[in-house]
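Dear colleague,

I am passing on the structure below, and I would be grateful if you could look through it with the notes that follow. They take up a few residues, helices and pockets in turn.

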Amino acid sequence: MPDTTSDSLINPHERQALEKLLQFPLAEALFGRRSRRFALGGELPEGPLAYRSRYEPYPLSELERLLILTTVGGLTGWHNLISHHKNVAPHLPSYSGMAAGRTFPSAAGFHTSQIFFTDDSGTYTFQTRDAHPPVPRNALGQVDVVELLLAHRQYCHKLSDSRLYIPPREPYMAGHNAWNANKPGSLLVWPIADVAQHQLLKLLFIAQNGFVLYDDVHNRSIPGLEKFKDYVALDKPYPLTAFDQATLAEVSAEISAAVFAGHLMQQAMGLGGWMLNGLDRVRTLGASGDPEVPGLGFRYDFKPGWSRPNPTGLEGIFEGYCPPHYPHMRAAVEALVERKFGQGGPFHPETPGPWKEARAVRSQAFPHEEWLIEVVATQAQYLFDTFGKFPATVPTIYSLMFLQTHHLDLEYYDRFFEPGAYLQTHREHLERWHGVRLEDLPRRDDSQ
């Protein structure tokens, strides 16, 4: 990886661009937000807005890429945790899965998602999950943006030297995205959630507060829970299907918020792009069934009765908290407890934090004793054995929204749109961030 202590990445005009960026109003990003899909090098082949760019694709600089990545999934300080629940008082509720906070919220601080991205230089992960904040905040709650960006270079890990291949046709890509998605010059970023881990975190969450699940698909109680009647209310169970739906909704909110943050940053920087879900999620992960389209290479299962294949993880990179990545669900629960209470976890006494007495706060977390581990493992193993996967009725690994970022071809917008189709930041972007004018850019061989 590049030296994270050096600022050679940033030249003088980029420093000025960063200073201007920090003055951009949030209100303008919100109210000026639009999906701006036509990039330098783009071609809209037919219809009333048909147009072919006169210019070659113009990739993002490393600084621009880092800004988008850090906005989508960067580390911004210590998580404040959940402060109180009368059911576990005087203990601190021990819900969270990660000690640090990122640019986007996560239900109870679970943070099970990891960022993946691809561009002309290759395909990568942006591994900020479970990392500690690399740059401290000052007394005003601020961080040095240059230092923060440089520090986040260390989290980029290459998976491949080539752009992820997503055929520009159905069923891999929605037809309305085929002309412009994942094209040369673009950056494609998307978070992927470990739904299995999120589900286990939720089971630990509700068990702390005295609740368990009920299998409403088969209309029966989960066997083996009777011995925990002193800890949980067996007569007030949570319906499994509603629990699964809530889990999927929570991870969807998490990964969508991450992408939306990057979409707002596009407006502030003067970059084009948009949020999209028109790339097939399962096939992009690796379940296309076509060796010519391996996607990210996640392993997956498929059984009769399932509507789609079920990806479970990318070996050694992003493994779901369930078999076959763990021998059984008890092992997955134990690994999760280690994530929470082990070295660097949110409930390890030596992990720093935002409080004046971090050790005193973290050491008072509600302990994950044997009964709690076992009640969660019992439910999880039943669901895995009964439904053939975990969670039972929703995917093990899930992605939803993608963020594409590219340089706009303003000539297209000037030709077809009324004034105001883009912001001043877009008008000034090339000169501010690259020190060039549109007419200075390389043109296609057939352009005059």
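In this predicted model, His407 touches Phe38, Ala39, Leu40, Tyr58, Pro59, Leu60, Glu64, Leu271, His429, Leu430 and His434, leaving out residues up to four places away in sequence. His407 itself sits in the loop that runs between strand S17 (402-406) and helix H11 (410-416), and because its relative accessibility is 3%, below the 20% cut-off, it counts as buried. One of the residues it touches, His434, also offers a polar partner, since the side chains of His407 and His434 make a polar contact at 3.0 Å.

Another residue touched by His407 is Glu64, which is among the buried residues of helix H3. H3 has twelve residues and spans 16 Å from its first C-alpha to its last, close to the 16 Å expected at 1.5 Å a residue. Eleven of those twelve residues are buried, so H3 is largely enclosed by the rest of the structure; Leu66, Leu67, Ile68 and Leu69 are among them, as are Thr70 and Thr71.

Helix H6 (residues 240-269) can be described in a similar way: it has 30 residues and reaches 44 Å from first C-alpha to last, close to the 44 Å expected at 1.5 Å a residue. Just after H6 comes Gly270, which takes a positive phi of about 85°.

The end of H6 brings in Thr425, which lies in helix H12 (residues 424-434) and, leaving aside neighbours within four places in sequence, is in contact with Phe24, Gln267, Ala268, Met269, Gly270 and Arg432. The side chain of Thr425 reaches the backbone oxygen of Gln267 at 2.7 Å, and Thr425 counts as buried because its relative accessibility is 8%.

You may wish to look next at the pockets. The largest pocket holds about 520 Å³ of space, and of the 19 residues that line it, the closest to its centre are Leu21, Leu22, Leu67, Thr71 and Met265. Helix H2 (26-31), helix H3 (62-73), helix H4 (145-151) and H6 are the elements that give two or more residues to this lining, with the largest share, four residues, coming from H6. By residue type, the lining of the largest pocket divides into 15 nonpolar, four polar and no charged residues.

The second largest pocket holds about 370 Å³ of space and is lined by 18 residues, of which Ser307, Arg308, Pro309, Val394 and Pro395 lie nearest its centre. At least two lining residues are supplied by each of helix H7 (281-285), strand S14 (310-314) and strand S16 (397-399). The lining of the second largest pocket divides into ten nonpolar, five polar and three charged residues.

Finally, which residue lies 7.1 Å from Ile397, C-alpha to C-alpha, although the two are 201 residues apart in sequence? That residue is Ala196, which has its place in helix H5 (residues 195-208) and is buried, with a relative accessible area of 0%. Not counting residues up to four places away in sequence, Ala196 touches Tyr321, Cys322, Phe390, Pro391 and Thr396.

With kind regards

Notes
Residues numbered from 1 in each chain as written. Predicted model: local features only at pLDDT ≥ 70, side-chain atom pairs only at ≥ 80, totals over all residues. Heavy atoms only, no water. Buried < 20%, exposed > 50% of the residue type's maximum accessible area, 1.4 Å probe, protein only. Polar contact = N/O pair within 3.5 Å; in protein donor to acceptor, adjacent residues only side chain to side chain. Contact = heavy atoms within 4.5 Å. Expected span 1.5 Å × (residues − 1). 1 Å grid on protein atoms, 1.4 Å probe; cavity = no way out; pocket = protein on both sides within 12 Å on 5 of 7 lines; lining within 4 Å. Points joined across faces, edges and corners; volume = space filled by probe spheres on them. Nonpolar A, V, L, I, M, F, W, Y, C, P; charged D, E, K, R; others polar.
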